[in-house]
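Trainee: Can we go through this one together? I'd like to start with how the terms are set and then work around the model.

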Amino acid sequence: MISLYRRVWSEKNVIARRQYWGLIFVLPCVIFFIIFFLYPLVTGFYLSLTKYTLLRPPVFIGFDNYANLLKDRLFLKSISVTLGFVVGSTAPTVVLSLFVALLFYQKFPGREGLKLIFFSPLLPSVAVVSVIWVVLLHPSGILTNVVRPLTGKAEITWIHDITLSPIVIVLARIWSAMPFYMLIWLAGLTAIPQELRDAARVDGANRLQSFWRVELPLLRPTAVFVMAVSTISAFQGFALQYVIAPNQGGPVDVNTTLGIVIWKYGFQFFRMGDAAAVSVFLFICIMVVTGTQITLGRSDRYSIN
Amino acid sequence: MARSRTPYESDAAFETRLRKRISKLILFSTAALVALLFGFPMYFMAVSAFKAEAEILSTPFNWLPQEFVGLYHFESAFERAPIGQWYFNSVFIAAVQVTAAIFFGAMAGYGFAKFHFRGKRILFALILSIMAVPFQILLIPLYVEIRQFGWHNSYAGLIVPGLLSAFAVFMMRQFALSIPDELLDSARIDGASEFRIFVYIALPLLAPASASLAIILFLGSWNNFLWPLVVAQDRNLWTLPVGMTVFSQPYRGEPSVGPSMAVSTLATLPVALLFVFFQRYFIEGMMVSGIKG
């Protein structure tokens, strides 16, 4: 009796002790993320409350940085620039990529090959995208000649023009982002059971009706995801503006996004406190988008499952 | 395309067949137009790397180089800048980061999937929250931290902050959930230590599932722009994305469109090869991660 009891006890002990191995396995990652994620996340908030130029230790100044930002011309400008970039690139990307997904969802000869060509913007890094577009946007380059029948101009200074440069940067962004979102839409379309389309057909719906009434409502979770992801990534717009636009975010700051402001304050002016405060502001913006996504995505009245 | 009507075909049947053909033709031509529009810049990049400088910007656009200059632009790019060094840096950083992220990601994912320990939920919530926070938020404090370590302008500063990936932990946990407990238990009965079980049983089972993960991690590292831009001041520490953007500016008044297209082509080549050979994993990985966004 006693020996049996002991055996059960020790077996329990072995199992309990084994579970510590789980902790040992996750520990390297957890320690790493505490050092390189949690700690900087917290110090980021702290730095935003200090004056810090890297030369002397940070000095706590309360919410002065935030108060100053409200009067900061560059920061205020960057909010409208960022919102312009977000809206200007997200809306067309989401809609057009859905159209392309619908197109490639149909059956026709040569579809797979053409789809691969369409996917080619997935390959270059954002730095390569920027460099290519700088050449495409040469004042007397390809794009100028494509629109020449309309404008009659032999030279257009795309990236130095204060109206045109945000537009062409949005174009570059749409070009490089669309294949990814098309892929997501296509996956969403493929997940809709064919029976539902057939059922709509039997009930006498034409193609358009079947799309509006059956497929589009079922694509709602996909739509929420696509919109949220593209909005969040556009909020972080940096590399295109840094490389394509003259003087990192120029001309006259029309391409100075929040990301560019963080970089400028941090690594050009070495005003780490101000840069951290802008980061916190950007963080809040992105969290609002993420929160909206979670709320909208949750009601799965229309989803298949 | 449409064959003329067969003798036994009714009017209506012939009409539907014709209509189908026409709609296929319209679909094909629309898709071809879209593909042309999106494929053109990449084609432009690749073909420009072999064209004479003046021809790159000339009109009308030549689909093939009129004057084929061979590897001239590649050579002049290598002469002007330490491209080889940048290439090495990019490859080296990506290799270290992908290997570490896969190994430690597998270890943590296995730990989260197959063990129950105190604090598991909160630690996993930490991992999930990392994926929701964009890197730009961490840029300033992380840079300050790296400076305190004395790591700015060094390989350590370039590599270590991106060594492990929360996304890798998350994916590995998903994969590890499908490892049967019986398999692990039988190894335990045979007296294998937990670490041995991880290395010899769990890791090999996780390896094939992590192909798409490895591709995504590679892309994230290879394409990274912001972090190497701020950390590496020394030209020899630059990675390809950072180097090529500075490099694309005119050099001593000389136009450098050709060399910059050559470097762009070189930088895209490894990714293009991955895409060609591992298309399925590539696309799968893109879809689950959303890094390209």
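Mentor: Sure, salt bridges first: a side-chain nitrogen of Lys or Arg has to be within 4 Å of a carboxyl oxygen of Asp or Glu. This is a predicted model, so local features need pLDDT of at least 70 and side-chain atom pairs count only at pLDDT 80 or more, while totals for chains, interfaces and linings use all residues. Residues are numbered from 1 along each chain as its sequence is written, chains are lettered from A and ligands numbered from 1 in the order in which they are written, and side-chain values use heavy atoms, with hydrogens and water left out.

Trainee: Which residue meets B:E284 in a salt bridge?

Mentor: Look in helix α15 of chain B, residues 279–289 (helices are DSSP runs of H or I, at least four residues; strands are runs of E, at least two; both numbered from the N terminus). The partner sits four residues from B:E284, about one turn of the helix. The N to O distance is 3.7 Å, and the partner is B:R280.

Trainee: Is B:R280 buried or exposed?

Mentor: Buried means under 20% relative accessible area, exposed over 50%, and partly exposed in between (1.4 Å probe, protein chains only). B:E284, at 37%, is partly exposed. B:R280 has 56% relative accessibility, so B:R280 counts as exposed.

Trainee: Which residues does A:E112 form salt bridges with?

Mentor: One partner is A:R111, with the closest N and O atoms 3.2 Å apart. The other is three residues away in helix α4 of chain A, about one turn of the helix. There the closest N and O atoms are 3.7 Å apart, so to speak a second handshake, and the pair of partners is A:R111 and A:K115.

Trainee: Is A:K115 buried or exposed?

Mentor: Compare the three side by side. A:E112 is partly exposed at 44%, and A:R111 is partly exposed at 23%. A:K115 has a relative accessible area of 14%, so A:K115 is buried.

Trainee: How many salt bridges are there between chain A and chain B?

Mentor: Over all chains the structure holds eleven. Between the chains, 87 residues of chain A are in contact with 94 residues of chain B (heavy atoms within 4.5 Å). Carbon and sulfur atoms give 82% of the area buried there, about 7800 Å² (accessible area, 1.4 Å probe, that two parts lose on being put together, summed over both). The salt bridge count between chain A and chain B is zero.

Trainee: Which residues of chain B does A:S120 touch?

Mentor: A:S120 is in the loop between α4 (111–118) and α5 (126–136) of chain A. Its relative accessible area is 13%, so A:S120 is buried. Not counting residues up to four places away in sequence, A:S120 touches B:F38, B:G39 and B:M42.

Trainee: What is the phi of A:N247?

Mentor: A:N247 is in the loop between α12 (239–243) and α13 of chain A, and is exposed at 65%. Chain B has B:N153, which is not a glycine either, with a positive phi of about 60 degrees. For A:N247, also not a glycine, phi is positive, about 55 degrees.

Trainee: How far apart are the C-alpha atoms of A:V261 and A:A275?

Mentor: A:V261 lies in helix α13 (residues 258–267) of chain A and counts as buried, at 0% relative accessibility. A:A275 is 14 residues apart from A:V261 along the chain, and their C-alpha atoms are separated by 7.3 Å.
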